[in-house]
Structure formats: C-alpha cells, structure tokens
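Trainee: I have a model open and would like to go through it piece by piece. Where do we begin?

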Amino acid sequence: MRLLFAGTPEPAVPALRALLASEHEVVGVLTRPDARSGRGRGVRRSPVGQVADESGIPVLTPASLRDPEARSAIVDLAPDCCPVVAYGGMIPPDLLDVPRHGWINLHFSLLPAWRGAAPVQAALEAGDEVTGASTFRIEAGLDTGPVFGVLTERIRPDDTATVLLGRLAEYGAELLTRTVDGVAAGAVSAVPQSTDGVSHAPKVSVDGARVRFDLPAGAVDRHIRAMTDAPGAWAQHGDVRLKLGPVVVATDGAPLRPGELLVSKRDVLVGTATAPVRLGTVQPPGKKPMPAADWARGARIESGLVIGTEQ
C-alpha cells in the first residue's frame with residue numbers, strides 16, 4: 001500500500017522506521033512545523049521529519065490541516081492508508097476519507113482507557129499495573145474509533161514516563177506494522193470500543209507537574225515518575241522552582257511534615273502525608289541535575305526547611 005505517515009516526536013520514529021522496512025511504500029510524511037528548540041533556540045525539524053529527510057521522503061509540515069494547500073498536497077500523494085503516531089494535531093473530518101483504508105492510529109494505552117494526549121503519564125500517576133498500546137481507525141471523536149489490535153505491557157516500579165513510552169514505542173511499531181499488513185490483506189477488522197472503562201488523559205501542563213507533598217508518599221512517587229522527563233516535576237523553594245527527579249519511598253526514619261526536609265551527608269528526605277521520600281536528583285534553575293545531597297550542601301540547605309510551598 002501507499003502510506004502517508006503522520007507523526008512528530010521521538011516515540012513515533014520506531015513506527016516510521018518499521019514501516020520503511022516493510023513491504024509498503026511510504027510516499028510521504030506529515031509532521032508538525034519546524035520549531036525552535038535546544039539551548040541555542042535554533043529552528044529544528046521534528047524527529048520524524050529528520051528520518052524522512054534522511055530517507056528522501058517528501059515531508060509535509062502544514063501549520064493546520066484545514067489549510068486547502070495541505071489537503072491538496074495529501075490528496076496528490078494518493079495514499080491508500082495513513083498510519084499515525086503522536087502527530088500532535090486533529091485530523092479534520094473532510095480528510096478522514098481521503099485514504100481508502102482510513103487513518104490508523106497507534107495509541108499508547110489499552111483503549112478505551114486513557115483516551116487523550118498523555119496516556120502514559122496518566123497510567124503511571126493512577127498507579128496502573130498494566131498498560132499497553134492499541135491501533136484503531138480514527139474517526140471524528142477523540143480516540144473513540146474501532147480497534148484493530150492491542151498489546152499489553154506491565155508497568156515496572158521504577159518506570160518513568162520516558163522509559164515506559166520508549167518500550168511502548170518499540171513494541172507498538174511492530175503492532176502498527178502488523179495492523180497495516182492485515183488491513184492490506186483484508187485479514188483484520190476493527191472492533192468497536194467498549195463503553196465501559198472509559199477514562200481520559202489530557203495534555204500535562206507545567207503547572208500540573210508541580211509536586212504536592214501533602215499527598216501520600218506513593219502518590220508523590222508516581223507523580224514525579226509520570227512527569228519525568230517532560231514536562232518535569234518541580235517544587236517551589238523560595239522564589240525558584242526546583243526540578244525533581246524520581247524519589248524512593250523511605251521505609252525508615254521519623255515522620256516529617258509535608259515538604260519538610262531532613263538533610264544528612266548522604267541523603268535528603270522530604271515529608272509527605274505519610275512516609276518521607278528520599279530525593280534523587282535536584283535541578284536548580286540554570287544548572288544541571290545533581291544528587292540531592294550535593295544540592296543541599298552547595299545551597300547550604302538545613303534540616304527543617306519546608307519546600308513545595310510558596311514562601
């Protein structure tokens with residue numbers, strides 16, 4: 001089949017590479033416009049766009065798919081099917097019928113659970129033990145289309161969003177390729193999603209990544225891992241934000257007030273609503289992440305200080 005692949009960030013790259021290695025022809029790539037990133041704030045192609053450039057594939061970067069020129073360019077490519085992985089934009093209804101086999105999305109959850117932009121973060125924060133990925137046909141609703149196939153993956157106790165998403169992206173690439181193969185052969189059919197177990201995972205904001213130490217230790221641990229690496233969990237210390245890496249729930253030591261620090265030569269504990277947690281890395285503004293004990297030593301942090309509240 002002639003494929004137009006739609007995707008933007010790094011987690012979409014394994015799927016594009018898998019389809020490039022398949023029997024199908026990737027005739028174009030649809031990705032978000034080049035954006036400024038990095039310390040130098042230079043304009044850069046998306047990770048998916050970079051792979052397409054390396055492979056000599058035409059790249060479409062419309063600011064909006066409602067642009068008539070974007071629609072014309074997609075129609076001119078005459079795709080039979082449009083696989084989608086984390087494209088980052090809605091597909092207008094008038095484009096859904098352009099490919100005869102539709103738009104097939106790889107979504108990183110077990111639908112109908114965690115429909116939306118941040119399913120991996122939502123699964124981690126909720127304390128799910130199992131997650132996965134689903135391929136489904138895109139329709140007008142948000143992640144509501146009928147499902148072709150699924151895979152499951154156990155969530156590990158130390159998983160961060162970045163690590164878990166990396167595994168799902170690799171496994172999901174194979175699932176998407178199998179789905180496209182099956183659609184081409186007429187060997188798979190999509191099954192409507194259940195109306196039970198529906199949950200939603202909206203995009204995570206920087207404000208939403210703030211750590212609340214008045215929650216139980218387990219919830220603090222899950223929240224920080226869910227926000228790692230992006231947008232990054234943070235806590236307020238005076239008038240600055242400290243970016244925090246994953247923590248470990250402490251099984252020893254006296255209880256501390258929520259946000260209260262207990263500093264030693266080797267560790268920094270912080271209180272929660274239940275047990276304290278042991279800080280991993282701390283990143284002050286403009287600096288690299290460092291072990292919490294090194295941060296406390298350099299910043300002359302003493303026991304009894306409370307973080308996580310505006311001061």
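Mentor: We begin with one loop residue, Asp143, which is buried, with a relative accessible area of 11%. Keep in mind that this is a predicted model.

Trainee: Where does Asp143 lie, and what is its phi?

Mentor: Asp143 is in the loop between strand 8 and strand 9. Its phi is positive, although the residue is not a glycine. The value is near 55°.

Trainee: Does Ala78 count as buried, partly exposed or exposed?

Mentor: Ala78 sits in the loop between helix 3 (68–77) and strand 6. It too is a residue other than glycine with a positive phi, near 50°. Its relative accessibility is 41%, and buried would need a value under 20%, exposed one over 50%. Ala78 therefore counts as partly exposed.

Trainee: Back to the strands around Asp143. In which sense do strand 8 and strand 9 pair?

Mentor: Strand 8 covers residues 130–137, and seven bridges link it to strand 9. One of the bridge partners is Gly149 in strand 9, which faces Thr135. The pairing sense is antiparallel.

Trainee: What is the strand order of the open sheet of seven strands?

Mentor: The sheet is open and its pairing is mixed. Strand 5 (59–60) and strand 9 (147–154) each have a single partner strand, so they stand at the edges, with one side of each left without a neighbour in the sheet. Between these edges, strand 1 and strand 2 pair in the parallel sense over five bridges. The full order is 5-2-1-6-7-8-9.

Trainee: Which residue of strand 2 stands opposite Phe5?

Mentor: Strand 2 spans residues 25–30. Five of its six residues are buried, so strand 2 is largely enclosed by the rest of the structure. The residue opposite Phe5 is Val29.

Trainee: At about what angle does helix 6 run to strand 9?

Mentor: Helix 6 covers residues 161–185. It lies across strand 1 (2–7), strand 6 (82–85), strand 7 (103–107), strand 8 and strand 9. Its angle to strand 9 is about 155°.

Trainee: Why is helix 5 described as largely enclosed, and what covers it?

Mentor: Helix 5 spans residues 119–126, and six of its eight residues are buried, so the rest of the structure largely encloses it. The buried ones are Pro119, Val120, Gln121, Ala122, Ala123 and Leu124. Their cover includes strand 7, strand 8, helix 6 and helix 7 (217–226).

Trainee: What phi does Gly127 take?

Mentor: Gly127 comes just after helix 5. Its phi is positive, at about 80°.

Trainee: Which residue does a cis peptide bond join to Leu111?

Mentor: Look in the loop between strand 7 and helix 5. The partner is in that loop, and omega of the bond is about 15°. The residue is Pro112.

Trainee: Where does the cis peptide bond from Thr228 lead?

Mentor: Omega of this bond is near 15°. The second residue lies in the loop between helix 7 and strand 10 (234–237). It is Asp229.

Trainee: Which residues does Ser199 contact, beyond its neighbours within four places in sequence?

Mentor: Ser199 is in the loop between helix 6 and helix 7. It counts as buried, because its relative accessibility is 17% and the cut-off is under 20%. Its contacts are Pro112, Ala113, Trp114 and Arg115.

Trainee: Which strands stand at the edges of the open sheet of four strands?

Mentor: The order is 12-15-14-13, with antiparallel pairing. Inside it, two bridges join strand 14 (residues 268–270) to strand 15 (residues 277–278), and Val270 has Val277 as a bridge partner. The edge strands have a single partner strand each, so one side of each lacks a neighbour in the sheet; they are strand 12 (248–249) and strand 13 (261–263).

Trainee: Now the whole chain. What share of its residues is buried?

Mentor: The protein chain has eight helices and 17 strands. Its C-alpha trace spans about 65 × 45 × 30 Å along the principal axes. Of its 311 residues, the buried share is 47%.

Trainee: How far apart are the centres of the positive and negative side chains?

Mentor: There are 32 positive and 35 negative side chains in the protein chain. The centres of the two sets are separated by 7 Å.

How values were computed:
Residues numbered from 1 in each chain as written. Predicted model: local features only at pLDDT ≥ 70, side-chain atom pairs only at ≥ 80, totals over all residues. Heavy atoms only, no water. Pairing = 2+ DSSP bridges. Contact = heavy atoms within 4.5 Å. Axes fitted to C-alpha atoms, helices over the stretch in contact; angles between N-to-C directions. Buried < 20%, exposed > 50% of the residue type's maximum accessible area, 1.4 Å probe, protein only. Lys, Arg positive; Asp, Glu negative; His and termini not counted. Charge placed at Lys NZ, Arg CZ, Asp CG, Glu CD.
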